[in-house]
Amino acid sequence: MATTADIPLLIRSEISASERRITPSWSITQLKARLEPITGVPATCQSLTLKIASQAAQLIQAADEDATQLAAWPLQAYAEIYVSDTRPPGARTNYTDVSAVPKYEMSTADYENRTDSVLAWKKSQKLGRFDPLAPSIEESKVAASYAEVSARNIAVGKRCRLLPADSDARRGEVAFVGDVGEIPGGVGAWVGVRLDEPTGKNDGSVKGTRYFECGGGNCGVFVRPERVEVGDFPVLDEFADEDEEF
């Protein structure tokens, strides 16, 4: 129990910091025993340092720590006692690593069968994917892709460039907008671009199905709407800078 003689001190270690009341009549051994559950450092492996404002730090140690009281040091309110761990790093317990701590894991089946879970509440309230009127995930993706087409004002016949512009300098003309069923998992809108240069991946067809005409092989490419920016993007003239030098 705290008494009027108790002194509030700041106790710090590598992994902890707290304020504790210390009784000067305690022996060093008694103090270390009380610090062990606070710092996680075994009493026999503690090295204590008293730090008071700008004064030089003092080691709290003695030949007979059972008989030496803390009153032998100039304890002041809110001075700091730092607890160092003298064990080699490999022998210390890492209290911040929880990877080896056993964890309770519930199987998906057990969770789905519970009646007191968030999932059960969503089912009862018919929310999210449990709403019979809600669109499926695939329908949502399709709707989002066509909304992107509209937001970017992408339409057949418009000049465009591919994004990101700082790493893809290709330009061309929008030649197709719509579904491309031959692309695995590619639900939603695709934009077919007729490139100015043969730097694409196809000729406007995918697996034998033609979606638009190109001037030659590898002049066509299909990309998602977010990779297309329409605007006044003329054909790049790679010799333009050289001409200006003459």
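Visitor: What does Arg114 count as, going by its relative accessibility?

Guide: Welcome! This is a predicted model, in which local features need pLDDT of at least 70 and side-chain atom pairs count only at pLDDT 80 or more, while totals for chains, interfaces and linings use all residues. Residues are numbered from 1 along each chain as its sequence is written, and side-chain values use heavy atoms, with hydrogens and water left out. Buried means under 20% relative accessible area, exposed over 50% and partly exposed in between, using a 1.4 Å probe and protein chains only. Arg114 has a relative accessibility of 36%, so Arg114 counts as partly exposed.

Visitor: Which residue meets Arg114 in a salt bridge?

Guide: A salt bridge here is a side-chain nitrogen of Lys or Arg within 4 Å of a carboxyl oxygen of Asp or Glu. The partner is exposed, at 56% relative accessibility. With 2.9 Å from N to O, the residue that meets Arg114 is Asp116.

Visitor: How many salt bridges does this rule count?

Guide: One of them joins Arg170 and Asp168, with the closest N and O atoms 3.0 Å apart. In that pair Arg170 is partly exposed at 22%, whereas Asp168 is buried at 11%. The count by this rule comes to 14.

Visitor: How many residues apart are Arg12 and Glu80?

Guide: Their side chains form a salt bridge of 3.1 Å, N to O. That pair links distant parts of the chain, with Arg12 in strand E1 and Glu80 in strand E5, and the separation in residues is 68.

Visitor: Is Glu80 buried or exposed?

Guide: Its salt-bridge partner Arg12 has 34% relative accessibility and therefore counts as partly exposed. Glu80 has a relative accessible area of 17%, so Glu80 is buried.

Visitor: In which sense do strands E1 and E5 pair?

Guide: Helices (H or I, at least four residues) and strands (E, at least two) are DSSP runs numbered from the N terminus. Two strands pair if DSSP finds at least two bridges between them. E1 (residues 7-12) and E5 (residues 80-85) have three bridges, and Ile11 stands opposite Ile81 in E5. The sense of this pairing is parallel.

Visitor: How many bridges join strand E3 to E5?

Guide: E3 covers residues 46-51 and runs antiparallel to E5. Leu50 stands opposite Ile81 in E5. The number of bridges joining E3 to E5 is six.

Visitor: What distance separates the centres of domain 1 and domain 2?

Guide: Domain bounds come from an automatic or database domain assignment. That assignment gives domain 1 as 7-87 and domain 2 as 151-230. Taken over C-alpha atoms, their centres are separated by 72 Å.

Visitor: How far does helix H4 reach from its first C-alpha to its last?

Guide: H4 spans residues 137-151 and has 15 residues. The expected span is 1.5 Å times one less than the number of residues. H4 is close to the expected 21 Å, as its reach is 21 Å.

Visitor: Which peptide bond is cis, with omega near 0 degrees?

Guide: Most peptide bonds are trans. Here, look in the loop between strand E6 (159-162) and strand E7 (171-178), where Pro164 is found. The cis bond runs from Leu163 to Pro164.

Visitor: What is the phi of Lys207?

Guide: Most residues other than glycine have a negative phi. Lys207 lies in the loop between strand E9 (205-206) and strand E10 (209-210), and is exposed at 67%. Its phi is positive, near 55 degrees.
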